[in-house]
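Colleague: Could you show me the model and take me through the terms you use for it? I'd like to hear the reasoning behind each label.

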Amino acid sequence: MTEAGTVTLVGGGPGDEGLLTVAATAALRSADVVLYDRLAPHSVLSELAPHATLINVGKTPGHHPIDQAGIEAEIVQHARAGANVVRLKGGDPYIFGRGSEEVLACHRAGIPVRVIPGVTSAVAVPATAGIPLTHRGVSRLFTVVSGHVPLTEPELEHLAGLGGTIVVLMGVGTLPPLAFGLQRHGMEADMPVAIIERGFSPQQRTTIADLGTIVQAASLAGVSSPAVIVIGRVVELAFSGDLGATELMQRAERVAALG
Ligand code: SAH
């Protein structure tokens, strides 16, 4: 019988090759098979994984070429045949990436599996748009939420009362119930909101409005997925190259005074 291979779940970061870790690059270099996602950095994959068979299992919203069970079966099947399998995922494998389900599937099949963390888009995409998730005196906590399905009333109530910064992934489709729900539970209509689409690509774009106007602004701009939504006073700090240091410092002081 062939000796079983191994499985490595690799966090590929938010789409920029420069944000792949050294460990991720090493795992790709020695991979026999790479199963990759739509949001994983795949443009240079044939160079990064020169010996590997590359398999696209990418999901686009509403269209799933291979379902989750199919992906897990394929991972296990290649490992059983003796391959070193890399499962390359966008961002970090354990942030809304179903990584833990794939690890469980390997455990169930008795296949050795390890996880290489990645730079999550929840943090990196706001950063590349110049938005700090925390800033002394403005925000000392951030909450990362999946907008895949609308939040429940108790979740909206908690979130509206928590303070700090809210980061939403997969939230473009559920933006209206989120924005209206947070306001219904007392969040101010003038709370700043930023939507950053296609971070780290040439098409990266940031739309900024406030909670009361963001739904209309997003619709006018034709905002689409993938995008990261940031709700919080830190959005006012959006550090862009064209602002001078003095103006930035004044802004930070003004925003801190509001909080
Ligand atoms: N595990 C991933 C998240 C998977 S969920 C991570 O840690 O980043 C997929 C969502 O991530 C997308 O709907 C979008 O909200 C966000 N996302 C991932 N890459 C992105 C990018 N380059 N630009 C904007 N949003 C991105």
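Modeller: Gladly! Let me start with domains: their bounds come from an automatic or database domain assignment. For this chain, the assignment gives domain 1 (6–119) and domain 2 (122–258). Please keep in mind that this is a predicted model, where local features need pLDDT of at least 70 and side-chain atom pairs pLDDT 80 or more, while totals for chains, interfaces and linings use all residues. Residues are numbered from 1 along each chain as its sequence is written, and side-chain values use heavy atoms, without hydrogens or water.

Colleague: How do you know how the centres of domain 1 and domain 2 lie, and what does each domain give to the contact?

Modeller: Taken over C-alpha atoms, the centres of the two domains are 30 Å apart. Nine residues of domain 1 and 11 residues of domain 2 take part in the contact, a word that stands for heavy atoms within 4.5 Å.

Colleague: Which domains supply the shell around the ligand?

Modeller: Domain 1 and domain 2 each supply at least three residues. A residue is near the ligand if one of its heavy atoms lies within 4 Å of it. There are 18 residues around the ligand, and Ile95, Thr120, Ser121, Gly199 and Ala227 come nearest.

Colleague: How do the residues of that shell divide by character?

Modeller: They are 11 nonpolar, five polar and two charged. The classes are simple: Ala, Val, Leu, Ile, Met, Phe, Trp, Tyr, Cys and Pro are nonpolar, Asp, Glu, Lys and Arg are charged, and the others, Gly among them, are polar.

Colleague: What makes the pair formed by Gly199 and the ligand a polar contact?

Modeller: The term covers a pair of N or O atoms within 3.5 Å; within protein, one must be able to donate a hydrogen and the other to accept it, and residues adjacent in sequence count only if both atoms are side-chain atoms. A backbone N or O atom of Gly199 is 2.8 Å from a nitrogen atom of the ligand, so the pair qualifies. Asp92 likewise has a backbone N or O atom 2.9 Å from a ligand oxygen, and a backbone N or O atom of Met170 is also 2.9 Å from an oxygen of the ligand. The protein buries 92% of the 540 Å² that the ligand exposes when taken alone. Those areas come from the Shrake-Rupley method with a 1.4 Å probe; for residues, only the protein chains shown count as cover.

Colleague: Which elements give two or more residues to the shell around the ligand?

Modeller: Helix 5 (121–128) and strand 10 (227–231) do. Both names come from DSSP runs numbered from the N terminus, with helices (H or I) of at least four residues and strands (E) of at least two.

Colleague: Which residues of helix 5 are called buried, and what covers them?

Modeller: Buried means under 20% relative accessible area, exposed over 50%, and partly exposed in between (1.4 Å probe, protein chains only). In helix 5, Ala122, Ala124, Val125 and Pro126 are buried. Their cover includes strand 6 (142–146), strand 7 (165–169), strand 8 (192–197) and strand 10.

Colleague: Why is Ser139 called buried or exposed, whichever applies?

Modeller: Ser139, in the loop between helix 5 and strand 6, is buried because its relative accessibility is 7%. Beyond its neighbours within four places in sequence, Ser139 is in contact with Leu133, Thr134, Gly164, Thr165 and Val234. A polar atom of its side chain lies 3.4 Å from the backbone oxygen of Leu133.

Colleague: And why does Met170 get its accessibility label?

Modeller: Met170, in the loop between strand 7 and helix 7 (175–184), counts as partly exposed because its value is 40%. Ser30 is partly exposed too, at 46%, and Arg98 is partly exposed at 39%.

Colleague: What makes the phi of Met170 and of Arg98 worth a remark?

Modeller: Most residues other than glycine have a negative phi, and most peptide bonds are trans. Met170 is not a glycine, yet its phi is positive, about 55 degrees. Arg98 is not a glycine either, with a positive phi of about 60 degrees. Ser225 and Pro226 are joined by a cis peptide bond, with omega about 0 degrees.
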